[in-house]
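Student: I have a new structure to get through. Can you walk me through the main points?
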Amino acid sequence: MLKPSKNLVFITIFILIFMLGTFLRFVNFTNNPVSLNIDEVAIGYNAYSILKTGRDEYGLFLPLSFKSVGDYKPPVLIYLTVPSIAIFGLNEFGVRFPVALLSSLTILFGYFLFKRLTDNKTIALLAMCLLAISPWGIYYARYADEATVALFLVVVGAICFFKMIDKHSLSWQVLSAVFLGISMYCYYTERLFVPILLGILLFSYIKQRKLTFKGCLIFLVTLGLLISPLILSTIFGPDKTRVATTFITNDPELQRQVLTSQNQILPNSLFSFFDNNLFLSIFYGIRKYLYYFHPAFLFYNGLNMTIDNSYGLGVVYLFELPFLLMGGYILIRKKIKSKLIILSWLLLGILPAALTQNEQHSLRTLVALPIFNLISALGGYDLFGRIRKMKVNYQLAIGSGFTLVVFILLVHAYFVFSVYFKYQRGEAFMEGTKQAVKYALDHKAEYNEIVFDPVRGVDGPDIVSIPHMYVLFYSQYDPSIYQTEMKRYGTNNQDLYGFDKFTIRHIDWPTDHSKTKTLFIGSPWSIPLQDIPQDQILQKIYLTNGKLALIIAKSD
Amino acid sequence: MGKMLSKISISLIFSCCLIIFFSYWIGTNLHLKSPTPISFTIADLFGKHLETPFILMILASLGSVFLLFFVVQKLFDSTLANLSILIFGLNPWTSYESASNSVYVLFTFEILAVLGALLLPIKNVYLKSLIIGAISFIAIISSLWMWLIIPSLVYSGYRLGWISSKEFKFVSSLIGLALIIMFILGVKHESYFLRVINQNINLFQNAKVLNNINLFHDQFRIGGYRVGEIIENKYFYDTQHLFFHFAEYFSPVIYFTSQAKIDDFSFSPPIYLALIFPFFYGLDLFFTKFKIKYKKLLCINIILLLLPATLSNIQPDLGRLFLIFPIITFLISLGLRGFYKLYHQSRSAKFLLILLASLFLFQVIVTMSDIANREPIRIKNNA
């Protein structure tokens, strides 16, 4: 039992850590990331549509999966954004607020999870501190993404699950099932992670006779009832499309390997029995899985906030390396109360990401974040204990050296967040689209048609955007009109989409420039500056790094 | 005794045959890169034929097998020694490096030769010291890296009681003499010596890092953070770069998957994936069961053996990393023997061992198929 004075110190530190974490998640979060990305505007407008009409942009009543731009978005974040938009309006703050808030609350609940897993208040507080300042947590808290919300739900669900084990009460059984069930609706990673982790936990607790048959049954029935629509949707419904498109078999590198390996082995030979595409995919998946433990992902550029192959930020700070190594050693060698849970959580947290395409994906592995913090804290606690036993001179030398390293790395992290990120990744967040849309909306009355080219990119026309969603978002277009009005589609395989005065299609300037009273918005790849008289160029929109992103021009 | 000897000779012969078979197969099936300057030097020295370095590297690999067996048997037992050489021979790494004339195969042989000499059961102090000194001398004049590695190995041998203090003093003076000669030669042929240093330590010549530093500098200057230069400078990024290169070699994905390509083209993993579990188990056994003195010396030598790969601008440099392979094979053998001991005790260990054995055999077949069918195309595309 802590003495009152120690209790006060503990509570003060606890509150300070929480406030620091909240501050880091909220400070200037409407401007950094520099712009709303395509998912954020889609989430925002669908939430706005639900708020106004109870239907999504396609007119579906309270759907379980939002078709959006064909990627079938999970529903939880969109529904959570509805009250935020009702209070703060359809803007950057309204869209990003729920995620930043839930990420801050994850710090709070994280402490209770760490405390339950380690039975040690100091380790729990240290892990909470690492979670609060985690670059991984901060980065994904600052824009609207489902993974952060899902992580919050998993953390709260896990706390309820442990309460269920300790207290055997009905309310905890139901609450745990509800939170974990909703987390599966929230993000695709959790659809694989939660059931397998639960399987391991239930098996382990039943074996230890800590979970009664009745308690287990109530928990499973509640969870089963809650997720049955999701199972149906994933197997037969629209979610199947998303799963199919992101599965590892669609990985470009794997496909290249499969294609280049065909027709090189004699059919029906011994080699063809062993050496086939199935096993190629399995080995590829294992390689991807192991690559998540590579220092490049962990310490250098796992967050992808700076240009490729540069020293940006990894998912954990480099100064955590000795903590992680020591923590890993303690976890494997020493008797830790929840060793199985911690190890399973870590190893399973990375599994779903390894089964999908893309090389390394820090968002898809976000569920493993608290465990990285916990392992670091375990190691840090042990190392600090060892240092405290050393002579004062050594303590001073190690302490000052470590503080200097931490200071340098935190300053670097600050530069990555506040400078390099917006200079180097503005385009990934569709920087400039807001200005272009605002211009178009301000001058809408002057034109018969406003044509927006969806393809952009500074280095080449390689980024496909969804300008119509930005138009809907920033004009706060009436969802009831949008759901019912006639849309224009292309004929003869022409990629075209139009509503109101807006047309989203490729701009072909040599033919388009002669159109009457038409406004064109596109990148320099579709509106060639050298071919347009200066008086027709109405505005040039630049990225933060000074590169020309979009041109607004009018027809002759 | 006879039975044991036959077991030993079978594994030795089997391992050697594997290396010859794989190296020859890879060497003839694939059109490996054109000979390096050192290949010409070796060819000049031995027989005026460009096949000579290739044969020399295979001989060095075979020599390494014998030496690895001798060292592990002397330090531990013949089971571990047998397992170590089988792993050394069966994994593609040895054969690929031999077939591509990697000079690091030769350096590995030299390191194992020094270790073997340290463990020679010769009672005559001067004879033993002379043998160790002579091998160390040859090793030191063959590479800059050996200037660090060989003294460290000899010191480790002394600390572990493999050689007496008298022998240590005698060997140290011979090594010192070799280092002085090399130093005098270095001063006399300064430009050549500097070129050798630049070729070996080329980590900081990476244009990509320099470009990144310039870009980052520009951006925080424009952003109005000039004070950041105190921290965000060349020294900070170079230190990060150095540390990253070093830390990378502790990642299992480098060794057990084809994430890093051997010789820049191959899809064969340096070590078969199934051996990852015995490796970790072996590592665990080593750190829990062995004396602290062993652990400390192993850690120091691992750091030194990783130095050539760390200071290379190839990321990761599997050629230079080959120096560490004998240690990995030993740890895997330790883990395998540990697994085998568990085999009769636990059902899950039995299941795991059978699973690993199947995976291992399976990957051997897949790798052979790959070498036969796809690797020639890959190396052609890479060229």
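The chat below covers confidence, the chains and where they meet.

Tutor: Start with this: the model is predicted.

Student: OK. What ipTM and pTM does the predictor give the complex?

Tutor: The ipTM is 0.86 and the pTM is 0.90.

Student: And chain B, what does its pLDDT average?

Tutor: Chain B averages 84. In that chain, 90% of the residues score at least 70.

Student: What about places where pLDDT is low?

Tutor: Where pLDDT is low, don't read the predicted coordinates in detail.

Student: Now chain A. How many helices and strands does chain A have?

Tutor: Chain A has 23 helices and nine strands.

Student: And chain B, how many of each?

Tutor: Chain B comes to 19 helices and zero strands.

Student: Back to chain A. What box do its C-alpha atoms fill?

Tutor: Roughly 80 × 60 × 60 Å, along the principal axes.

Student: What radius of gyration does chain A have, against a compact globule?

Tutor: Chain A has 26 Å. A compact globule of 556 residues would be near 24 Å, so the value for chain A agrees.

Student: How many residues count as buried in chain A?

Tutor: Of its 556 residues, 45% count as buried. For chain B, the share is 40% of 383 residues.

Student: What about contacts between residues far along the sequence?

Tutor: Take contacts in chain A with a separation of 6 or more: 71% are between residues 24 or more positions apart. In chain B, 76% of contacts at least 6 apart in sequence join residues at least 24 apart.

Student: New topic. How many residues of each chain are in contact with the other?

Tutor: 26 residues of chain A contact 33 residues of chain B.

Student: Which helix gives the largest share of chain A's side?

Tutor: That is α19(A), with seven residues. α13, α14, α15 and α19 of chain A each supply at least two.

Student: How many residues on that side of chain A are nonpolar, polar or charged?

Tutor: 18 are nonpolar, six polar and two charged.

Student: Now inside chain B. How do α8(B) and α9(B) run, parallel or antiparallel?

Tutor: Their axes come within 11 Å and cross at roughly 175°. Angles over 145 degrees count as roughly antiparallel, so α8(B) and α9(B) are roughly antiparallel to each other.

Student: Which residues meet there?

Tutor: From α8(B), B:W147, B:I150, B:P151, B:V154 and B:Y158. They meet B:F168, B:V171, B:I175 and B:L179 in α9(B).

Student: And by class, what is that contact made of?

Tutor: Nine nonpolar residues, no polar and no charged ones.

Note on methods
Residues are numbered from 1 along each chain as its sequence is written. Chains are lettered from A and ligands numbered from 1 in the order in which they are written. This is a predicted model: local features need pLDDT of at least 70, side-chain atom pairs count only at pLDDT 80 or more; totals for chains, interfaces and linings use all residues. Two residues are in contact if their C-beta atoms, placed from the backbone, lie within 7 Å. Helices (H or I, at least four residues) and strands (E, at least two) are DSSP runs, numbered from the N terminus. Ala, Val, Leu, Ile, Met, Phe, Trp, Tyr, Cys and Pro count as nonpolar, Asp, Glu, Lys and Arg as charged, and the others, Gly among them, as polar. pLDDT is the predictor's confidence in each residue, from 0 to 100. The radius of gyration is taken over C-alpha atoms; the globule rule is 2.2 Å times the number of residues to the power 0.38. A residue is buried if 20 or more other C-beta atoms lie within 10 Å of its own, exposed if 12 or fewer, and partly exposed in between; C-beta atoms are placed from the backbone. Axes are lines fitted to C-alpha atoms, for helices over the stretch in contact, and angles run from 0 to 180 degrees between N-to-C directions. Angles under 35 degrees count as roughly parallel, over 145 as roughly antiparallel, 65 to 115 as roughly perpendicular and the rest as oblique.
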